[in-house]
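Trainee: I should like to understand how the terms used for a structure are justified. May we go through them one at a time?

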Amino acid sequence: MEQLLHYVWKHKIFPLAELQTTTGLSIEVIDPGLSNTHAGPDFFNAKIKIDGTLWVGNVEIHTVSSDWKRHGHHTNKAYDSVILHVATKVDEEVYRSDGLSIPQLQLSCPEHISQRYNELKLADMRPPCYGILPQLPPFTIHSWFSALQSERFEQKTTVIKKRLDKLNNHWEDAFFITLARNFGFSVNSDAFETWANMLSFRAIDKHRDNSIQVEAFFFGQAGLLEEELENDEYYAALQKEYRFLKQKFGLNQMDPSLWRFLRMRPGNFPHIRIAQLAYLYGRERALFSQVMDATSIQEVRKIFSISTSLYWEECYIFGKKSPRKEKALGIGSLDLVIINTVVPFLYAYGLYKGDDKLCDRATFFLEGLRAERNYITRLWDGVGIPVNTAADSQALIQLQKEYCDKKKCLHCRFGYEYLKIKK
């Protein structure tokens, strides 16, 4: 497999015998080069001695050497910089676009590497690499987790940038839409993002001092004011307000069938989450700015310590009474809001403003929160890796989603440690 040969070359897992070209010239690999994930040769700026002469250039790798011609490299000037062609099987000579031949190295993957790689690829639930993790030095685990945390920051920053591009760089709106998505808590995340994107924030701002009108905007745009309910004065008031606002601002509400209720605790019903967001939006005039200025987790928790209007203390959906209970965000939900909304925005805004303090605060917050409890952290329970903080759990989520689930073991440091062990 070509991908595995890339791995062997990158990590210089060569046979003990002297390397030679197919024509018998000695080869010494000083530097295998930088792996290229884009168009062009597979490795850039390699340093290789061939028959005692140092060459600096690129390296191309194939399973069989005839793939060079099959892929059209012999006519592509981008491959004229290749100083060595590496293949598992050399079945023909290869040439640059000017007709000059390129030295070739026939290189096979060591059997133990191939065998252990197949074990990783074929593993179902828990990859075999779990078994070696307790034996790894703490530094190896810590350094990989740090890299995974950085990857996750960058990934979330990219999502925020795309959202900002659609909103003419309006940070307050982008923050609220991201917050709304995370109020969906996985099951309704997409629905909440769809809903938030349909809110006309500048129109709502004109009525922000009136809690009834804010809720009318929010529930009306969610498509939750379309039924006719008897003996519910609050619902009737919201419905009346929304019909007026809809006509005034030319609003179009979302399809209510997008909301999910199945196997969900009542406290997570869309009605309750929308009521909480309406309460927050009516209370805070510069939510994003306040959050960016908060220097402690306690300050952020205080900002998001929200409830609902009185109606929702006795209801989970419109028209059905329930035992009276204040619908405030629990500490677990508060911390998830910080992890998935506040922290990524601190990092992204810090990069945007060139303010390292904001980026550092993002990491500080993660390290100050307990690790999340979800199917991924439960999957890794008992492996021997300490997962104490949200920084640790975020690293695990990145590892599982971007490496384990995608079978990218060759790019994972744990996979590397597993592959290099001989049975």
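Mentor: The discussion below sets values against definitions, and the model is a predicted one.

Trainee: Why is Ile-30 called partly exposed?

Mentor: Ile-30 has a relative accessibility of 39%. Buried means under 20% and exposed means over 50%, so Ile-30 counts as partly exposed. Ile-30 is found in strand β2, residues 26–31.

Trainee: What makes the nonpolar surface patch of about 270 Å²?

Mentor: That patch is made by Ile-30, Leu-54 and Val-56. Residues of a patch need over 30% relative accessible area, and Ile-30 has 39%. Leu-54 also has a role in pairing, as the bridge partner of Lys-49 in β5.

Trainee: How do you know that strands β4 and β5 pair?

Mentor: Pairing requires at least two bridges, and six join β4 (residues 43–50) to β5 (residues 53–64); therefore the two strands pair. They run antiparallel and form a hairpin with two residues between them. In the turn, Asp-51 has a positive phi of about 55°.

Trainee: How do you know that β5 pairs with β6?

Mentor: Six bridges join β5 to β6 (residues 82–89), and these strands run parallel. At least two are needed, so this is a pair as well. Within β6, Val-86 is the bridge partner of Ile-61.

Trainee: Which residues touch the most other members of the largest nonpolar core?

Mentor: Trp-195, Phe-218 and Phe-304 do, in a core of 80 residues. Helix α13 (residues 331–353) supplies the largest share, eleven residues. A second, separate core of 49 residues includes Val-86.

Key. Residues numbered from 1 in each chain as written. Predicted model: local features only at pLDDT ≥ 70, side-chain atom pairs only at ≥ 80, totals over all residues. Heavy atoms only, no water. Core = buried A, V, L, I, M, F, W, Y, C linked by side-chain atoms within 4.5 Å. Buried < 20%, exposed > 50% of the residue type's maximum accessible area, 1.4 Å probe, protein only. Helix = DSSP H or I, 4+ residues; strand = E, 2+ residues; numbered from the N terminus. Patch = residues over 30% accessible without salt bridge, like charges linked within 9 Å, V, L, I, M, F, W, Y side chains within 5 Å. Areas by Shrake-Rupley, 256 points an atom, 1.4 Å probe, with all protein chains shown as cover. Salt bridge = Lys/Arg side-chain N within 4 Å of Asp/Glu carboxyl O.
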